[in-house]
Amino acid sequence: MDLPLVDLAPYLDRAVAGGGAAGEEAVRALCATVSASLRDTGALLVKDPRCPAADNDRFLDVVERYFARSADSKRLQERPNLHYQVGVTPEGVEVPRSLVDKEMQDKIKSMPEEFQPATPKGPDPKWRYMWRVGPRPANTRFKELNSEPVIPDGLPEWKETMDSWGSKMISAIEVVAEMAAVGFGLPKDAFTSLMKEGPHLLAPTGSDLERHGSEGTVFAGFHYDLNFLTIHGRSRFPGLNIWLRNGKKMEVKVPVGCLLIQSGKQLEWLTGGECLAGMHEVVVTKRTLEAIALAREQNRSLWRVSSTLFAHIASDATLKPLGHFAEASDAHGYPPICAGDYVEQELSVINLKGKNGF
């Protein structure tokens, strides 16, 4: 099965120029595709004319150069006192949820063997860089989740590259969020109004395939994302597996010039469980090994960089099922909670906040 690919251009064009009844009907059908895919698969491929492949490549080039630095050099950008929500998170810090969540471990054991995720040996052997995108609130209870960015020395193009690519990916997420709301029968701004001044993070990962390039190595153990929606540009090395709602495992192939969207836990909360947070992992596969061999031939970097952005609901906003989702059969499992409190709870579990000495 392939994920649906939605071209955002008709929606963007209609927003600018308006459209007749036929155009309106076509756009509504696109919105229905977006909401159905998030509900049924937890993921979606989109093409946004404002996010060209060349911009993704420029971003990957800069971030590859950063991750190629020595560990000691990178650690200068480490901010554990801010829950690693800005700056660099070294390898061996982030713990996959499947290692510490008994309920998730039981779920994995109940899966057919061919759909079970790879078993991580310990904390993820990947680095990550958190870069805040967009404005933050002037007043918030959650200062650590809304901290100032950390800029590495010696990369003069860093800030402009991160800001530019981050803002383009946020723009794509906002359109997808509007389309999903329309597809779900909610007001167009039901989600985007809650995203305003959210702690959005451009969060590329860096995995050293020179050191950790053997088949089966788990870079990101089986987990869901705690945020609202996650968006990825195409990586130069495959390896992302996702799980569909029906429990089947699927290796994702992102076409050149396209973006992958995944549903996060905050979307699950706002839809009363109608959309489940998408489970996924990043593992060295046979296709990864083929890409490593080609990169070696072409004398390219062997750092696997993910072009990942986490879009969040604003920290001080309340997570609760919206509109008709409040009447959903599982809505009682999603009681109102402040988004910032929810995020801090989740960060504690995966070792990025205040526990275990960090």
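What follows is a chat between two people about the predicted model shown above.

Colleague: What does the secondary structure of the chain come to?
Modeller: This is a predicted model, so take everything here as computed from it. Helices and strands both turn up in the chain. The count is eleven helices and 16 strands.

Colleague: And how compact is the chain, going by its radius of gyration?
Modeller: For 358 residues the globule rule gives 21 Å, and the chain comes close to that, so it is as compact as a globular protein of that length. Along the principal axes, the C-alpha atoms fill a box of roughly 55 × 50 × 40 Å. The radius of gyration itself is 19 Å.

Colleague: What share of the residues is buried?
Modeller: A residue goes into that group when its relative accessible area is under 20%. As for the surface, the chain exposes about 15100 Å², with carbon and sulfur atoms supplying 52% of it. Of the 358 residues, the buried share is 57%.

Colleague: What part of the contacts comes from residues 24 or more positions apart?
Modeller: The pool here is the contacts in the chain with a separation of 6 or more. Within that pool, residues 24 or more positions apart account for 81%.

Colleague: How far apart are the mean positions of the positive and negative charges?
Modeller: The chain has 42 positive and 47 negative charges. Take the mean position of each set, and the two are separated by 2 Å.

Colleague: Which residue forms a salt bridge with Glu160, and what parts does the pair tie together?
Modeller: The structure holds 22 salt bridges, and in this one the closest N and O atoms are 2.2 Å apart. Glu160 lies in helix H7 (residues 158-183) and its partner in helix H3 (residues 53-67), so the pair ties together parts that are 102 residues apart in sequence. Glu160 is partly exposed at 44% relative accessible area, and the partner is partly exposed too, at 35%. That partner is Arg58.

Colleague: Staying in H7, how far apart along the helix are Asp163 and Lys159?
Modeller: Their side chains meet in a salt bridge, 2.8 Å from N to O. Asp163 counts as partly exposed at 28% relative accessibility, and Lys159 does as well at 42%. Because they sit four residues apart in helix H7, the separation is about one helical turn.

Colleague: In the Lys249 and Glu281 salt bridge, which residue counts as buried?
Modeller: The two side chains meet at 3.6 Å, N to O. Lys249 lies in strand E10 (residues 249-251) and Glu281 in strand E12 (residues 280-283), so this pair ties together parts 32 residues apart in sequence. At 29% relative accessibility, Lys249 is partly exposed. The other partner has 1% relative accessibility, so the buried one is Glu281.

Colleague: Which residues do salt bridges with shared partners join into one network?
Modeller: There is one network made this way, and its members are linked through the partners they share. The residues in it are Asp57, Asp61, Glu64 and Arg236.

Colleague: What does Leu194 touch, leaving out residues up to four places away in sequence?
Modeller: Leu194 is found in helix H8 (residues 192-195). Its C-alpha atom is 9.5 Å from that of Asp316, a residue 122 places away along the chain. With the sequence neighbours left out, Leu194 touches Leu270, Ile313, Ala314, Ala317 and Leu322.

Colleague: Does Asp55 count as buried or exposed?
Modeller: Asp55 has its place in helix H3. Not counting residues up to four places away in sequence, Asp55 touches Trp165 and Lys168. The cut-off is under 20% relative accessible area. Asp55 has 19% relative accessibility, so the label is buried.

Colleague: Where is Glu197, the one with a positive phi?
Modeller: Most residues other than glycine have a negative phi. Glu197 is not a glycine, yet phi is about 60° there. Glu197 is partly exposed, at 32% relative accessible area. The location is the loop between H8 and strand E5 (201-202).

Colleague: And Asn299, what is the value of phi there?
Modeller: Asn299 sits in the loop between helix H10 (286-297) and strand E13 (303-305). With 72% relative accessibility, Asn299 counts as exposed. Phi is positive in this residue other than glycine, with a value near 55°.

Terms used: Residues are numbered from 1 along each chain as its sequence is written. This is a predicted model: local features need pLDDT of at least 70, side-chain atom pairs count only at pLDDT 80 or more; totals for chains, interfaces and linings use all residues. Side-chain values use heavy atoms; hydrogens and water are left out. Helices (H or I, at least four residues) and strands (E, at least two) are DSSP runs, numbered from the N terminus. The radius of gyration is taken over C-alpha atoms; the globule rule is 2.2 Å times the number of residues to the power 0.38. Buried means under 20% relative accessible area, exposed over 50%, partly exposed in between (1.4 Å probe, protein chains only). Contact means heavy atoms within 4.5 Å. Accessible areas come from the Shrake-Rupley method with a 1.4 Å probe; for residues, only the protein chains shown count as cover. Lys and Arg count as positive and Asp and Glu as negative; His and the chain ends are not counted. The place of a charge is taken as NZ of Lys, CZ of Arg, CG of Asp or CD of Glu. A salt bridge is a side-chain nitrogen of Lys or Arg within 4 Å of a carboxyl oxygen of Asp or Glu.
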